[in-house]
Every structure is written in structure tokens, then in C-alpha cells.
Amino acid sequence: MSATRFVPPIPAVARGVPRRQHKLVTAMIVVVGMAMGTICGWVWWEDRPLRLAEAALLRNDSREALRLANAYLAGDSQNGRAQGLKARALVGLNRWDEAIQIFSRHGAASFEELHALAQALLHLHHWSEALPVLDDLLKRQPKHADVLHEITACRSFLGRHDEALRSAQQLAELPGFEARGFVQLGTLHQAQRNRQSAVEAWSRVLTFVPDATNLQIPPHEFFLAYGGALLDNGQPREAIPVLERSVKSQDNAEAHTRLAEALTQLGDADRSLVEWKRVVELDPPNRLARETLAQLALEQGEATQAFDWLRPLAVTSGLPSTTTYLLQRIHLLLGHADEAALWQQRTDDARRREKLTSSVNQVLREAPLSFWARAVRAYRFAEQGNWIEADHLTQSLAREAPQEPFVRELSVAVGKRGPLPSLELLPIKLF
């Protein structure tokens, strides 16, 4: 059997269509084609400012993109594409509120517009509103590095630590983004006091980026975090060279503080004394440095010198019990009975406050999505002035337990943007 062959259709002319009619059809096709070409050319020319605005955004020239978008909108104020470009340009110029207003009126259609909306919400710390947008973006592009980085941070702020760890791990598995992912993994583990895991994650960063450059944080901050994790993990000897790299990258009081702690633990009194004094030079109000130097003076029987180290702190409110207790001892040694009694009372108050804080932090670490963890998170959002997030949480809490005194007072305070209730209203025994 012979194979079936494709036979092309016979042209109309060959089937007996009159040539005059064929010419007429051909002419009509040409006219329509020219008209369509004219229309397409006009549309292409009309859209040229928008294409130029998109090109400006690609080269990070948000100011030029905004100018072009505004010029186009002057003649067509409701054009959705132009509004989206304008909103993206506003995000690039850190004008978050204005961008969100445009997106709320005209929507966010493309991936780029949704991403710009998410970034605006994140910069305003509107975590609850940003999360569903980031979830949508991640479904569209599961391996988008920036989205993975942003959703990890967002989940962390909302207490979704397990989910944050998963997205950070996904980022660490993307070729070219391993270091950024391990920075986030280390940060998440450190926040949960998983010190060994933090050390392991941050050590992996240096296998990809030995000089810690081009990370989401400057090199001196990375080395400070990594060195601090080593110190907290009981590895002061290993911490010292890492902390010295932080100081070398940028002379900063935090790294000198942790370096002094490491040297103290290793018994290097002379070097640690130099480091503590350097901390005071760089950061005169530094409490830990002054407290340590006062303690060293007391050990040498120099109560007056010890008080001189602590004098700048004595007028500060909210001091920890370690500082207030030192001031109590110093005044006793100096024979100031009344002042010693005053500092003893402040020490008792500080210890009570620290016990409460410790219990609160424990519930945030161990049960971050529980009722009382969410109540504390709402309180802290309000404390930071993030009323939007505080309001999201307090509304949910009030629906669950409207009779709880702390929740009731917190809801009123957040609604009025007023003074917050005392954390002592928390049922601490439940913690």
C-alpha cells in the first residue's frame, strides 16, 4: 500500500473563479492589511512611553519611570498598565504608602506588580497583609530567590518559624543563592536559641562567600553574628578570630564587646580590659562594658572608681538587676545606707520584671502560635508603633477570649493608639 500524500488545496483561480473577482479580493486583503498595520503602528507608538517606563524600571531608574508613567496618565488616567508602572516606580522610590493606595484602587495584575505590592507591605511591616501576596507569588514562581527570602522574613515575624525554616532551606538549595539562604537559616536558629544549628548554618555561608560580601547584611554584621553564636555555644577560642574579622571590617562596639567576653572566658585579663575600655570609647553609654569595668574595680577594692564607671547609668530607668545590684553594693561599701536601700528596691523590681520577660520569651520560643504568644506579639507590635499588625492580632484574640483582662485592655489601647497595659496583667502562671 502506497503512503498517503498531502495534497495542497487548489487555488481559487485554478478552480474557475473569475480573475476580476480574484483581483478584487486581493485588493481588499491589501487594504485591510494596510489598515491593520496602521492601527498596530499607532498602538505601538502610543504605548512607547510605557515601554520606556518598563525599561527604566529594569535599569533601576525609578524616577524616570515615574515621570514617564505620570506623563502617560495625564492623557489616560485610568490606564491599568500605566498605573501599575507608576506604583512600581513609587516602590522603587520608597514611597510605600502611595504605591499601596494605587494597588488598592487599580489592583496588581502582573507578577512584577504583585511583587512590588508585597515589598511595599513588607517595608511598612504589614506582615499579615504581605503574607498572602507572597504565598501567591511563590506559587507562581517557586524558585524565585527574592520571594523566598522575603516570605521567610515575613513568616518569622508572624511566629511561623517552621514555615520560615522551610523557605530558608529552599533558598539555600538554589544555585547561586546558597549563602543568602544559610544566613537566614542561622538567624532563625539563633532566634530560637538553637545555637549549634546557628553555628553550622553560618559556617556554611563562608564556604560559598569566604569574605562575607554581597550578603543581605554587611560583612561586619555577619561576622559579629557568627562570632557571637560561637561564643554563646561555648566556643570562645573559635569566636575570637571571627569577631576580629568583624572589627577589621568595621570598628564597632558590639564586636569589641563580644571579643572582650570571649577573652574574659579564656582568662586573658589584660586583653579583655583593653577591649572593654575600647567599647566605652566607641559607645560611652554601653551598659555591659561599664558594668564589667565597675566589677573589676570593686574586685580591687576601688568602690569610688567603680561608682565612676556606673555614674552615667545611675540616672537611667529600666536598668537590669545586675547593674542595680552593683550600685547597691557600691553604696554599701561607700557607707551610703539610704542610697543602698533605694537600689535594693530597684533590684527587687528589676528581678521581678526580668522573670516576667523570661517567661514571655519562653512561650514565644516554645509555642509561637499559641494564644498568649500571639497576645505578646500583638503587644510588642504596638510597642514598636506597628498598629496595623497589633490590630490584626488583637481583633483575632478578642474574638477568641473577649473576657481576658489583658486582651480587653490591649484591644482598647490599640484601638485608641494609646498607652499599653502592663505586662503584669498576663496570667504568668499559665506560662
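A polar contact is a pair of N or O atoms within 3.5 Å; inside a protein, one of the two must be able to donate a hydrogen and the other to accept it. Keep that in mind for the exercises below, which use a predicted model.

**Exercise 1. An overview of the chain**

Task: Find how many helices and strands the protein chain has, and what share of its residues is buried.

Solution:
- Step 1. Begin with the secondary structure: the chain has 22 helices and zero strands.
- Step 2. Next, look at burial. The chain has 431 residues, and 40% of them count as buried.
- Step 3. Finally, turn to the contacts with a separation of 6 or more: residues 24 or more positions apart account for 47% of these.

**Exercise 2. A serine in helix 15**

Task: Decide whether Ser272 is buried or exposed, and find what its side chain reaches.

Solution:
- Step 1. Locate the residue: Ser272 sits in helix 15, which covers residues 269-282.
- Step 2. Apply the cut-off. Buried means under 20% relative accessible area. Ser272 has 6%, so Ser272 is buried.
- Step 3. Follow the side chain. Ser272 reaches the backbone oxygen of Ala269 at 2.9 Å.
- Step 4. List the contacts, setting aside neighbours within four places in sequence: Ser272 is in contact with Ala260, Leu263 and Thr264.

**Exercise 3. A buried glutamate**

Task: Work out where Glu291 lies, and which side chain makes a polar contact with the side chain of Glu291.

Solution:
- Step 1. Glu291 belongs to helix 16, residues 287-299.
- Step 2. The relative accessible area of Glu291 is 11%, so this residue counts as buried.
- Step 3. The partner is Arg287: a polar contact of 2.7 Å joins the two side chains.
- Step 4. Beyond four places in sequence, Glu291 touches Leu310, Thr322, Thr323 and Leu326.
- Step 5. Compare sequence with space. Glu291 and Leu313 are 22 residues apart in sequence, while their C-alpha atoms are 9.3 Å apart.

**Exercise 4. Two residues at 0%**

Task: For Ser167 and Ala120, name the helix and then the contacts.

Solution:
- Step 1. Ser167 is placed in helix 9, residues 161-172. With a relative accessible area of 0%, Ser167 is buried.
- Step 2. Leaving out residues up to four places away in sequence, Ser167 touches Leu148, Ile151, Thr152 and Arg155.
- Step 3. Ala120 is in helix 6. Ala120 is buried as well, at 0% relative accessibility.
- Step 4. With neighbours within four places in sequence set aside, Ala120 is in contact with Val91, Trp96 and Ile100.
- Step 5. Ala120 and Gly92 lie 28 residues apart in sequence; from C-alpha to C-alpha they are 9.3 Å apart.

**Exercise 5. The nonpolar cores**

Task: Find which residues of the largest nonpolar core touch the most other members, and which helix gives the most to this core.

Solution:
- Step 1. Recall a general tendency: in soluble globular proteins, nonpolar side chains tend to be buried together.
- Step 2. The largest core has 65 residues, and those touching the most other members are Val133, Leu134, Leu137, Cys154, Trp372 and Phe406.
- Step 3. Helix 20, residues 371-383, gives the most to this core, with nine residues.
- Step 4. Apart from this core lies another, of 32 residues, including Ala198, Val199, Trp202 and Val209.
- Step 5. Zoom in on Leu134. Not counting residues up to four places away in sequence, Leu134 touches Ala118, Leu122, Val147, Glu150, Ile151 and Cys154.

**Exercise 6. Two pockets**

Task: Describe the volume and lining of the largest pocket, then do so for the second largest pocket.

Solution:
- Step 1. The largest pocket has a volume of about 790 Å³. Its lining has 29 residues, with Ser156, Phe157, His161, Thr187 and Ala191 nearest the centre.
- Step 2. Helices 8, 10, 12, 19 and 20 are the elements that each give two or more residues to this lining.
- Step 3. Sorted by class, the lining of the largest pocket holds 12 nonpolar, 13 polar and four charged residues.
- Step 4. The second largest pocket holds about 380 Å³ of space. Of its 13 lining residues, Gln119, Leu122, His123, His149 and Glu150 lie nearest its centre.
- Step 5. Helix 8 gives the most to the lining of the second largest pocket, with five residues.
- Step 6. The classes in this second lining are four nonpolar, six polar and three charged.

Technical notes
Residues numbered from 1 in each chain as written. Predicted model: local features only at pLDDT ≥ 70, side-chain atom pairs only at ≥ 80, totals over all residues. Heavy atoms only, no water. Core = buried A, V, L, I, M, F, W, Y, C linked by side-chain atoms within 4.5 Å. Buried < 20%, exposed > 50% of the residue type's maximum accessible area, 1.4 Å probe, protein only. Helix = DSSP H or I, 4+ residues; strand = E, 2+ residues; numbered from the N terminus. Contact = heavy atoms within 4.5 Å. 1 Å grid on protein atoms, 1.4 Å probe; cavity = no way out; pocket = protein on both sides within 12 Å on 5 of 7 lines; lining within 4 Å. Points joined across faces, edges and corners; volume = space filled by probe spheres on them. Nonpolar A, V, L, I, M, F, W, Y, C, P; charged D, E, K, R; others polar.
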